[in-house]
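Student: I should like to study one part of this model closely. Please choose a suitable place to begin and lead me through it step by step.

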Amino acid sequence: MSLRYVSDGGTRTKPDDGCGAEWCHAPVRDPWCDGRPYAPSMLAEGLRGHASRSGYNEVMIDAAAIDTHAAAAVDAFFYIADGEGEGEGEARAAHARFVLDFGLDTMAMTRPLLLKLSRTDWAHPLSLG
């Protein structure tokens, strides 16, 4: 997450990819913080401020950071095991492509896992695919 606004931040009109030039540092009395964005380190404060308001908020995500760290961020791919095997082929293909795209060693890797989800075995709903 790059930043967060309590409501619509009007990011289309702000410099620096919608972040603006100034962060919110002390939103104690004004959760809107005069229209300044909350830094990622202030996520909890921003969410508390939003709890007293209705409507939505705006979050900006750094796509380059996600691309760079995706291999560490994805824990598993899964498909539904019961019935028709819904999505099994797609999940297997997505898992294989992810491993290939990120150059992961399939013999040494512990994740991302390929899992199957049982909709009937609630004691053990996930198992290796």
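Tutor: Let us begin with R92, which counts as partly exposed at 32% relative accessibility; buried means under 20% relative accessible area, exposed over 50% and partly exposed in between, for a 1.4 Å probe and protein chains only. The model is predicted, so local features need pLDDT of at least 70 and side-chain atom pairs pLDDT 80 or more, while totals for chains, interfaces and linings use all residues. Residues are numbered from 1 along each chain as its sequence is written, and side-chain values use heavy atoms, without hydrogens and water.

The partner of R92 is E88: their side chains meet in a salt bridge, with 3.0 Å from N to O. A salt bridge here is a side-chain nitrogen of Lys or Arg within 4 Å of a carboxyl oxygen of Asp or Glu. Both residues belong to helix α3, which covers residues 88-101, and because they are four residues apart there, about one helical turn separates them. Helices (H or I, at least four residues) and strands (E, at least two) are DSSP runs, numbered from the N terminus. Like R92, E88 is partly exposed, with a relative accessible area of 28%.

Helix α3 also holds R97 and D101, which are again four residues apart and therefore separated by about one helical turn. The side chains of R97 and D101 form a salt bridge of 2.8 Å, N to O. R97 counts as exposed, at 51% relative accessibility, whereas D101 is partly exposed at 47%. The count of salt bridges comes to two.

What other side chains pair in this model? A search of the whole structure finds two aromatic pairs. In one of them, F98 and F102 have ring centres 4.7 Å apart and planes at 45°, so this pair is tilted. Rings of Phe, Tyr and Trp (its six-membered ring) pair if their centres lie within 6.5 Å; planes under 30 degrees apart count as stacked, over 60 as edge-to-face and the rest as tilted. The two partners differ in cover: F98 is buried, at 11% relative accessibility, while F102 is partly exposed, at 32%. Together with F77, the residues F98 and F102 form one aromatic cluster.

F77 carries the account to strand β3, residues 76-80, where the side chains alternate. F77 and Y79 point to one face of strand β3 and are buried. A76, F78 and I80 point to the other face and are not buried. F77 thus appears twice in this description, as a member of the aromatic cluster and as one of the buried side chains of β3.

Strand β3 has a neighbour in strand β4, residues 113-117: five bridges join the two strands, which run parallel. Two strands pair if DSSP finds at least two bridges between them. Within this pairing, A76 stands opposite L113 in β4.

Finally, these parts may be placed in the whole protein. The protein has three helices and five strands, and from the N terminus its elements run β-α-β-α-β-α-β-β. Strand β2, residues 58-60, contains V59, a partly exposed residue at 41% relative accessibility. Buried residues make up 28% of the 129 residues in the protein; F98 is among the buried ones, as are F77 and Y79 of β3.
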